[in-house]
Amino acid sequence: MKKMVGLINLDHEYHVFNELTYFRNSASLPFGGRYRMIDFTLSNMVNSNINEVAIFARNKYRSLLDHLGTGENWDLDRRNGGLFILPPDWNDPSDKSQGDLRFFHNNRDYFHRSQSEYVLISGSQFISNSDYKDAFTYHLEQEADVTLITTNVKELYPEHYPYFRVEADQNGRVTEITNDQHNSELFTGVYIINKNLLMRLVDECIAYDKDNFFICGVKNKLDDLKIQRYEHSGYSAFINSIESFFRQNMNLLDAKHYHDLFFGNHLIRTKVSSNPPVKYRKNSDVEHSLLANGCVVDGRVEGSILFRGVAVHTGATVKNSIIMQRCTIEEGVHLENVILDKDVHVSKGQKIIGSKEKPYVVAKRQVI
């Protein structure tokens, strides 16, 4: 039986979340009330029968280590295989590799030791509930060198602009990978590649002083490789900015979007918490919102997402906002179009109003 190993490459991710990524990389950014961005990629891999996953993490990964632990919440705490976090720890004085090629070069043993013949490579900023088993079957049937997972978006937003667009012929063979902003067929950053081919392309890229594996090893070799397209259908979101983070969180307040993402054929897994259920006190007034366990509400919450352990006191109003773990909203506070990072304390009577297009962001552990 053919097998795949998973690789989550965070080296070329967009880290333009301002205050939200001062102390963490984007993969560990909280999302959807109780999840982290990387939960979706990890869950999709595990749900695709991948039981060996490596992560290329270059910077600000302390929070990621804390969240992932041994990988037990994703069933990746295994004697054989499991979860491998590969930090930028390399000491080869003869090494001339650059960019993400340094990770491939300096962790060559990881790929050689793996018994899998194929590698599924992904980032963490494409959010979906996907099962890649069908894509893998398609890759094998087509005898492809590389299979790109794409998705067709109905409406283009600014977060879609940086992503490559894919053109393919009637047989699904990729003919062009472009930056054509009018093409709605987006490359998700997820692709399947034969492991031996991967290592050969890595060597070629390093030999010619390249610094980006996908662009130099795959995109620029369309004429030499058989590259197929496999289209993902269903809910998906690209998150690479504060605005897209805010918009895609708010989209989850639509019951259909929430159901499509979390109640598909597979579960999205995250770090288990032992917090109690939400406590609604006598003055609470909650409408059209997502509240995670551990919250205590005695004020008004409207059109908002509250992560675990948030306290909203009497007379406070939280409207169209994202409030992360363990924030405290004191009496008489009014928040509207606001993102509070973890452990923020908003003092009595404060009023903060942003806009839907430009939400007001407060960094973690601030007292206002």
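The legends below accompany close-up views of a predicted model.

**View 1. The open sheet that runs from β14 to β26.**
Five strands are arranged in the order β14-β17-β20-β23-β26, and they pair in parallel to form an open sheet. The edges are taken by β14 (279–280) and β26 (345–346), each of which has a single partner strand, so that one side of each is left without a neighbour in the sheet. At the β26 end, strand β23 (residues 328–329) is joined to β26 over 2 bridges in the parallel sense, and threonine 328 stands opposite histidine 345 of β26.

**View 2. The open sheet that runs from β16 to β28.**
Another open sheet of 5 strands, with parallel pairing, follows the order β16-β19-β22-β25-β28. Here β16 (290–291) and β28 (360–362) are the edge strands, and because each has a single partner strand, one side of each lacks a neighbour in the sheet. Strand β25 (residues 338–340) runs parallel to β28 and is connected to β28 by 3 bridges.

**View 3. Valine 338 and its surroundings.**
Valine 338 lies in strand β25, and its bridge partner in β28 is tyrosine 360. With a relative accessible area of 0%, valine 338 falls under the 20% limit and therefore counts as buried. When neighbours within four places in sequence are left aside, the contacts of valine 338 are Phe246, Asn320, Ser321, Ile322, Ile352, Gly354 and Tyr360. Isoleucine 127 is 211 residues away from valine 338 in sequence, and the C-alpha to C-alpha separation of the two is 22 Å.

**View 4. The nonpolar cores.**
In soluble globular proteins, nonpolar side chains tend to be buried together. In this model the largest nonpolar core comprises 36 residues, and Val146, Leu148, Tyr191, Ile193, Leu198 and Phe213 have the most contacts inside it. Helix α6 (residues 195–207) gives the most to this core, contributing 7 residues. Leucine 198, with neighbours within four places in sequence set aside, is in contact with Phe104, Phe111, Val119, Ile121, Ile193 and Phe213. Apart from the largest core lies another, of 30 residues, whose members include Ile55, Val153, Tyr163 and Ile192.

**View 5. Helix α1 and the residue asparagine 49.**
Of the 11 residues in helix α1 (residues 37–47), 11 are buried, so the helix is largely enclosed by the rest of the structure. Among these buried residues are the polar-named positions Asp39, Thr41, Ser43, Asn44 and Asn47, together with Met37, Ile38, Phe40, Leu42, Met45 and Val46. Asparagine 49, which follows α1, has a positive phi, near 65°.

**View 6. Serine 130 in its loop.**
Serine 130 is located in the loop between β7 (126–128) and α5 (133–141), and its relative accessibility of 3% places it among the buried residues. The side chains of serine 130 and histidine 232 are joined by a polar contact of 3.3 Å. Beyond neighbours within four places in sequence, serine 130 is in contact with Asn44, Ser48 and His232, and of these Asn44 is one of the buried residues of α1.

**View 7. The largest pocket and its lining.**
The largest pocket holds about 590 Å³ of space. It is lined by 21 residues, of which Lys154, Gly234, Tyr235, Ser236 and His257 are the closest to its centre. At least two lining residues are supplied by each of β8 (146–152), β12 (227–232), β13 (236–238), α8 (242–251) and α9 (255–262).

Conventions. Residues are numbered from 1 along each chain as its sequence is written. This is a predicted model: local features need pLDDT of at least 70, side-chain atom pairs count only at pLDDT 80 or more; totals for chains, interfaces and linings use all residues. Side-chain values use heavy atoms; hydrogens and water are left out. Two strands pair if DSSP finds at least two bridges between them. Helices (H or I, at least four residues) and strands (E, at least two) are DSSP runs, numbered from the N terminus. A nonpolar core is a set of buried Ala, Val, Leu, Ile, Met, Phe, Trp, Tyr and Cys residues joined through side-chain atoms within 4.5 Å. Buried means under 20% relative accessible area, exposed over 50%, partly exposed in between (1.4 Å probe, protein chains only). Contact means heavy atoms within 4.5 Å. A polar contact is a pair of N or O atoms within 3.5 Å; within protein, one must be able to donate a hydrogen and the other to accept it, and residues adjacent in sequence count only if both atoms are side-chain atoms. On a 1 Å grid over the protein atoms alone, a cavity is a set of points where a 1.4 Å probe fits but cannot get out, and a pocket is an open set with protein on both sides within 12 Å along at least five of seven lines; lining residues have an atom within 4 Å of a point. Grid points are joined across faces, edges and corners, and a volume is the space filled by probe spheres set on the points.
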